[in-house]
Amino acid sequence: MSVSDAANVSDDIGAKVPYIRYEAENGTVSGGQVVGPNRTVGDLAGEASGRRAVKLNNQGDSVQWIATVPANSLVVRYCIPDSDDGAGLDATLSFFVNDVKKGTIELTSKHTWLYGPEADPKNKPSLGSPRHIYDEAHQLFDFTIQPGDRIMLKKDTNDTAAYYGIDFVELENVAPPKSCPPGFVDASKEGITPDNFSARFPALLQKFTWAPGYREKKGIFLPPGRYKLDAQVLIFNGLPKGFEITGAGMWYTILYSDNNADMDWGNPAFNLNGQSVKFSDFAMFGATRTRTGNGKPFVNSYGDGTVISRIWIEHMTCGFWVGGSSGHTNHLLIDSCRIRDLGADGINLCNGTKNSTVVNTTVRCSGDDGIAIWSAPEFDGPTADIDYPGCANNVIDHCTVELPWRANAFAIYGGKDNTIKNCMARDTLTSAGVDISSTFSPRSFAGTNHIENMVLERCGGPFWSGQQFGALWVMADTQPVNGVEFKNIKIIDPTYSGIMLKSETYQKPGYEMHVSFENIDVINPGASAISIVDAMGSASFKNSRLEMKGTTNKAISISKDNNGKKGTGAIQITTDDACSGFTP
């Protein structure tokens, strides 16, 4: 079935990416085994995309695919066992093209396998059950894979992990590295090397605020290399308008840090200090082993008109945390970025972020919300000169969030006239594909917030002491949720309910919600299509369909007794004549 069927959802959904994915379970498996499907956190299948994977146990086990397009690089999402003490293990996995061994891929479990309390798991196996067991490795080749070539991952001689869980590979034909653009200063010609970057780059940056011959330049070019940055680079006041820091490409120019200490403002990192700068075409890799290791790579308020494009972030606490004490962020653009394997949020447009856009960006395996808009009142600036102090008029467009190992794929916490559209959420392990909520005491909902033209696939999950969260979740706990419109959304194979409406929290009655749904499909929910949990207010449905699997689940379930406390359960559900399947 096309995603455009029935619910009027466009086929133009999610980020457009330059790589092709090959799922392991769809490959040719020799000696290994396909595992799944299941939705168990801490399980090879349960934490895999599509909730299936391949396990290679013995020497000679392999999985193989036929390449469909030229490629010179590979990303593999994998799992190898942890060490007994939780510190992680290193291992190799062999890579073949047309049965010829081309080399090995370096793998590690140092950044995965957290245990114990779901709110704050640690690297201690003794604390309890595991979660966050997959990581990714990538490799750029000096040869080109051709269409029709057979690509194989094999547990070969000297590949020493007890087993290898393979979720998928992605093949990409990476363009050659960029050269220094006209009008830019080449950092390597200023004496900056990968080893002295931390010490010398800030001094070079400062020259652009005062030095003749630099003030007239457009920015700094970082040629190919791995630049160690165990610090935060402060973006100085007085840089030329439109100043840019650009690299040779996200596969070629890498800023990294091996310091995995817990921190908020991180390293490698840029402290934007409220300044407007353009960043493009490089990677920032940390080494986190916890939810808070290496911190955030872009911190403090982002200046008006900041542009961040084609940045690859991995093994940090967050990708982009937008907000800080140096003023509102306005007219920010985040475009075509890759965010992978984090301890917390992929992107959080926080505090008073306004008129900003996140587009064509992918977030995978975040440890909190993949992409969120949170109108947190702290640091959202003076309120006397603006109509609304929270987040307003922001747009999340054509983005894909997959496999968050904690929290939601997309979320809006308070705010005015914000939009999530044309996006894809897949395989959330513990919570919703979309969460619209007054949790975390945000600024009030105002205007109209739009969620439209989306696909939520295999979303929802168990969290917070076994609560069963729906694929689309509306929560009115600390204040009302008003003026939210959901339109043209397909919810496929949710773990529990397709839509969850909830007001009660922690045994306390919540607030009313007033929300509308139009052209919504809920297909094959694991429990009810709509779950009403002590919800108050109103929810209207137009031209929507609930398609149940089997006859054991109700289309609509109503709970009026959460955690032993009687609630109101007083929400009013209305449907039009075009709705089907809404019999309780």
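Two strands are taken to pair if DSSP finds at least two bridges between them. On that basis this predicted model contains an open sheet of three strands in the order S17-S20-S22, with parallel pairing. Strand S17 (232-234) and strand S22 (296-299) are the edge strands, each of which pairs on one side only, and neighbouring strands of the sheet are turned by 20 degrees against each other on average, direction ignored. Three bridges join S17 to strand S20 (residues 265-271), and within this parallel pair Gln232 has Ala269 of S20 as its bridge partner.

Confidence in the model should be read alongside these details. The mean pLDDT of the protein is 92, with 94% of its residues reaching 70 or more. At the beginning of the chain, however, pLDDT stays under 50 over residues 1-5, for which the model has 15 contacts beyond four places in sequence, and pLDDT also stays under 50 over residues 561-568, where there are 18 such contacts.

In soluble globular proteins, nonpolar side chains tend to be buried together. Here the largest nonpolar core has 91 residues, and those with the most contacts inside it are Phe270, Phe279, Phe298, Phe320, Phe410 and Phe486. A second, separate core of 29 residues includes Leu56, Leu93, Val97 and Ala137. Beyond residues up to four places away in sequence, Phe486 touches several residues, among them Ile436, Ile451, Leu472, Val515 and Phe517.

A search of the whole structure finds 25 salt bridges, and three of these pairs are set out here.

| Pair | Closest N to O distance |
|---|---|
| Asp427 and Arg51 | 3.0 Å |
| Arg364 and Glu136 | 2.6 Å |
| Arg364 and Glu170 | 2.9 Å |

Asp427 lies in the loop between strand S35 (419-426) and strand S36 (434-437), and Arg51 in the loop between strand S3 (33-35) and strand S4 (53-56), so their salt bridge ties together parts that are 376 residues apart in sequence; both residues are buried. Arg364 belongs to strand S29 (residues 362-364) and Glu136 to strand S11 (residues 135-145), so this pair ties together parts that are 228 residues apart in sequence. Arg364 counts as buried because its relative accessibility of 2% is under 20%, and Glu136 is likewise buried, with a relative accessible area of 6%. The bridge from Arg364 to Glu170, in strand S13 (residues 164-172), links parts of the chain that are 194 residues apart, and Glu170 is buried too. These residues belong to a network of salt bridges that also includes Arg21, Glu23, Arg340, Glu402, Arg426, Glu457 and Arg458.

Definitions and conventions
Residues are numbered from 1 along each chain as its sequence is written. This is a predicted model: local features need pLDDT of at least 70, side-chain atom pairs count only at pLDDT 80 or more; totals for chains, interfaces and linings use all residues. Side-chain values use heavy atoms; hydrogens and water are left out. pLDDT is the predictor's confidence in each residue, from 0 to 100. Contact means heavy atoms within 4.5 Å. Helices (H or I, at least four residues) and strands (E, at least two) are DSSP runs, numbered from the N terminus. Axes are lines fitted to C-alpha atoms, for helices over the stretch in contact, and angles run from 0 to 180 degrees between N-to-C directions. A nonpolar core is a set of buried Ala, Val, Leu, Ile, Met, Phe, Trp, Tyr and Cys residues joined through side-chain atoms within 4.5 Å. Buried means under 20% relative accessible area, exposed over 50%, partly exposed in between (1.4 Å probe, protein chains only). A salt bridge is a side-chain nitrogen of Lys or Arg within 4 Å of a carboxyl oxygen of Asp or Glu.
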